[in-house]
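Biologist: Could you walk me through this model before I head back to the bench?

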Amino acid sequence: MRFYTIVFPLFFATVLTSGVALLPGEITLTGDAGFVTGIIGVISLLPGFYIASLAAVATFGGEHMDETMPAPAPEVFIKTAQTEGPEELTRRMFLSYLFGYLAITSLLLVAICFVVGICAPAIGAVITGHWPIHAATINNCLEVSLVFCLSFVMGSILVTTLHGTYYLMERIFQPN
């Protein structure tokens, strides 16, 4: 799983950032046609979807959801009053962790985009005030870095969503 969670989001972020950086003109982060504003428009719907998916997976009535996943089953380290050690995940546990991760990640992405949208003009003014000669270069580097980081998180959300959908659909449509 580590290959999918690192390499695909890195590839996605690299391609998207390269495309944005190689475009003629300046990168617009905020405003009506800004990158951050576009992310907020698309991503702001996802937390509700992931929370609803988490609720559906947690309450789904199929007994096959409580079976241990096929070998090699993923494991998590669990420490309780009775036991301590690795535990193989059931499909319900796996999908609950997965959609919980997606809900939190998408909520954080939306929050970060709101903060960037609010703070970007002030940060640009501070950079221009302290380093007026290099302000354009510093702003451009910060903007490209921000596009890369946000694209990496979006790529991670995309890959993890596809991974969760695959495992959910595999069990639902698997012939008996």
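Here are a few questions and answers on this model.

Modeller: It's a predicted model, so to speak: local features need pLDDT of at least 70, side-chain atom pairs count only at pLDDT 80 or more, and totals for chains, interfaces and linings use all residues. Residues are numbered from 1 along each chain as its sequence is written, and side-chain values use heavy atoms, with hydrogens and water left out.

Biologist: Which helix has the highest confidence?

Modeller: Confidence here is pLDDT, the predictor's own score for each residue from 0 to 100. The chain averages 80, with 89% of residues at 70 or more. Helices are DSSP runs of H or I, at least four residues, and strands are runs of E, at least two, numbered from the N terminus. The low end is α2 (residues 35-43) with a mean of 77, and the high end, at 87, is α3 (residues 46-59).

Biologist: What arc do the buried residues of α2 cover?

Modeller: Buried means under 20% relative accessible area, exposed over 50%, and partly exposed in between (1.4 Å probe, protein chains only). In α2 the buried ones are Phe35, Val36, Ile39, Ile40 and Ile43. They sit on the same side of α2 because, going by directions from the helix axis to the C-beta atoms, their arc is only 140°.

Biologist: Which residue in β2 is the bridge partner of Ile78?

Modeller: Strands pair if DSSP finds at least two bridges between them. Antiparallel β1 (residues 75-79) and β2 (residues 84-88) share 5 bridges, in a hairpin with 4 residues between the strands. Ile78's partner is Gly85.
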